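The following account introduces a structure to a reader who has not met it before. It turns to the ligand and then to the aromatic rings.

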Amino acid sequence: MQPDRRKIALGAIAPFTGQPLGHFVDGVAVAGEGVSFAVTDPSTGARLGEACDASEAELDAAVAAAKRAFPAWAATPGDKRKQILHRVADLIEARAEEIAAVECLDAGQAWRFMSKAALRGAENFRFFADRAPAAADGQSLPTAEHLNVTSRAPIGPVAVITPWNTPFMLSTWKIAPALAAGCTVVHKPAEWSPYSARLLVEIAHEAGLPAGVFNSINGLGETTGRRLTEHRDIKAIAFVGESKTGSAIMRQGADTLKRVHFELGGKNPVIVFDDADLDRALDAVVFMIYSLNGQRCTSSSRLLVQRSIHDQFVAKLAERVRQLKVGDPFDSATEVGPLIHPRHLSKVCSYAEIATADGATIAVGGERIAGDGYFYSPTLYTNADVSMRIAQEEIFGPVLTVIPFDDEADAIAKANAVDYGLAGYLWTNDLGRSLRVSNALEAGMIWVNSENVRHLPTPFGGVKASGIGRDGGDWSFDFYMETKNVALATGAHKIQRLGVAA
Ligand code: NAD
C-alpha cells in the first residue's frame, strides 16, 4: 500500500499554517507583520494557509542580516563550507519524502517526478559543496614583465528569486552555488508555492549554516520582490521566472547597477526528421511537454515534424496524449497533475479559443477538467503555423503545438522564428545534420536524440528572451564571484620616468 503522502505533506507544513507564514531571518523564524495572501492546494482548490508579504522593515532586516553575515562567511575556509553544505544535502536526503510530498501538495506536481526532484536538490548541494574549496582559484598569466595572478572572491549578499514550478529543486540550484562561493543569500520564493522554501532554510540552519547566511522572505513580486531587487546592499540577483519579469527586474536593479543572471521563459522546439528513431522520439516528445504538467521552462512545447512522417507520427502522438493519466498528484500512477493556480489555469484555457480563431485544430483536449482542482486536459494542437499565438507564446501547461516542415532549412527557420531561445531538441540519425542544425538553432542548450537530461557541470541558460548568463559548474561561481587580477612586476620592465630633466 502507498503511504498516505498527503498526510505526510500536511504534517510537514502544519507548523506554518496555524498563522500566516512569516520569514526566516538571521537564523530564526519571524512572524510576518505585513498583509498576507492565501496559499491553495491546486488539486482541490482548498486553502492550505496564508503567507505574509514582507514589510519594508522586514525586508531591510533580512538584507541587513545577510550583509552582517557576509564577511565571516566569505572568510570561512572552503573546506568548512563544503562540510556544512554536504550536511545540508544529508538532511535533504533524510527528509526527501516529506519535501517531495510538500511539492505535490503545494505545487500540484506529480509524485513520480517530485520524488526525484527532492533528491536532485540534495545532489545540487553536494555538487557545489565539493567545488567550494576551489571556488576562489584563478589562473596565472605570466609575461616577461609581470606575473598576473587572478583570483575570485564572493560578490556579497545576493538575492535569489524563484518561480513556482518545481520550487524546491530550482531554489537549491541557485542557492547552493551562492553559499558554496561564500555569498550570503536573501531568497524570495514564489507566492503560489512557498512551503518547501521554508523547509529548505530550516534544514540549512539545522545543518550548521551560521545565522544570517541564508535568509528567506515571503512576499509578492511587485512589493517584496521589487524592494529586494532595488536594495542597495544586494550585489547580484539570480532570477528564474518569466521574461517580462526579467525586464522589470533589470529596470528595478538599474539604479544600483545590479549584476543579474536570468533564467526566463521558453518556447522550445523538438524537431523530428524522418530518418529518426521514431519510437524513441515519440517517447521523448510526450515526456518533454506533458511531464511536470507542462510547467517546465525547458518543455518542448512546439513539435516540428517532417511532412513526410507528419500524419503517421501525429496519429501515434494523439493516441498517447489521450492515454495520459491525469489525477491526484499523490498517486504514483498520475502523469499529469493540476495547474498551479486559477489565474494560470484561465490563461492556459484561453489558448483553446485563440488556437481555433487562428485556424489551428484541437486534436486532443483543449478544456478544463470539471471539479474544484485546477486540472486541464492534456492538449494537442495541430494544423498550426509559426505565426499563430499558440506557436509563439509560452503557454506553460500540458499543451503541445504541432507544425510540419519540409526540409532542414525549413525546420531551422521555423525553430528560430520565436522570441525565445532556451532549449532545442533534435531527432535525426544523420550525424552531419545533427551538427548543422545544432549550430544553426538559436538556443542555449540542444539535446540530440535525447530528452532533457541535466549534467550538473554543463552550462545551463538561454539566448534571446530566454535569459542572460549561464549557470551550472564553474559558470555559477563566475556569476556569484568577482574576479581580481594582481600583476606582480618581475623588474624586467622599464617604468617611464616623468618629471626628470632631460
Ligand atoms: P514570474 O516571473 O511571475 O515570478 C517568478 C518570481 O518573480 C516569483 O517569486 C515572483 O514573486 C517574482 N516577481 C514577480 N514580479 C517581480 C518583480 N517586479 N520584481 C521582483 N520579483 C518579482 O514567473 P512564474 O510565473 O512564477 O514562473 C513561470 C516562469 O518561469 C515561466 O516563464 C518559466 O519559463 C520560467 N522558468 C524559467 C526557467 C529557466 O531555467 N529558464 C526555469 C523555471 C521557470
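**The ligand and its surroundings**

A polar side-chain atom of Glu263 is placed 2.7 Å from an oxygen atom of the ligand. The model in which this contact appears is a predicted one. Leu264 takes part through its backbone: one of its backbone N or O atoms lies 2.7 Å from a nitrogen atom of the ligand. Gly221 likewise offers a backbone N or O atom, at 3.4 Å from an oxygen atom of the ligand. On its own the ligand has 850 Å² of accessible area, and the protein covers 92% of this. The ligand is surrounded by 28 residues. The closest of these are Glu191, Thr245, Glu263, Leu264 and Glu394.

Attention now passes to the aromatic rings. The count of aromatic pairs in the model comes to 10. One of them joins Phe128 and Trp173, whose rings are 5.7 Å apart from centre to centre. The angle between the two planes is 55 degrees, and the pair is tilted. It is classed as tilted rather than edge-to-face because the latter requires planes over 60 degrees apart. Along the chain, the partners of this pair are 45 residues apart, and the pair links distant parts of the chain. Phe128 belongs to helix α5, which spans residues 111-131, while Trp173 belongs to helix α6, which spans residues 167-181.

Are these two residues buried or exposed? Phe128 has a relative accessible area of 0% and is therefore buried. Trp173, with a relative accessible area of 3%, is buried as well. The cut-off for a buried residue is under 20%.

A further pair is formed by Phe273 and Phe405, with ring centres 5.1 Å apart. Their planes stand at 70 degrees, so this pair is edge-to-face. This pair, too, links distant parts of the chain, its members being 132 residues apart. Phe273 is found in the loop between β12 (269-272) and α10 (278-290), whereas Phe405 is in strand β16, residues 399-405. Both Phe273 and Phe405 are buried.

Phe128 and Trp173 also belong to a cluster: ring pairs link them with Phe127 and Phe477. Phe127 has a charged partner in Arg131, whose charged end sits over the ring of Phe127 at 3.7 Å from its centre. A corresponding arrangement involves Phe273, where the charged end of Arg433 sits over the ring, 4.1 Å from its centre.

Note on methods
Residues numbered from 1 in each chain as written. Predicted model: local features only at pLDDT ≥ 70, side-chain atom pairs only at ≥ 80, totals over all residues. Heavy atoms only, no water. Phe/Tyr/Trp six-rings, centres within 6.5 Å; stacked < 30°, edge-to-face > 60°. Helix = DSSP H or I, 4+ residues; strand = E, 2+ residues; numbered from the N terminus. Buried < 20%, exposed > 50% of the residue type's maximum accessible area, 1.4 Å probe, protein only. Lys NZ or Arg CZ within 6 Å of the ring centre and 35° of its normal. Near = heavy atom within 4 Å. Polar contact = N/O pair within 3.5 Å; in protein donor to acceptor, adjacent residues only side chain to side chain. Areas by Shrake-Rupley, 256 points an atom, 1.4 Å probe, with all protein chains shown as cover.
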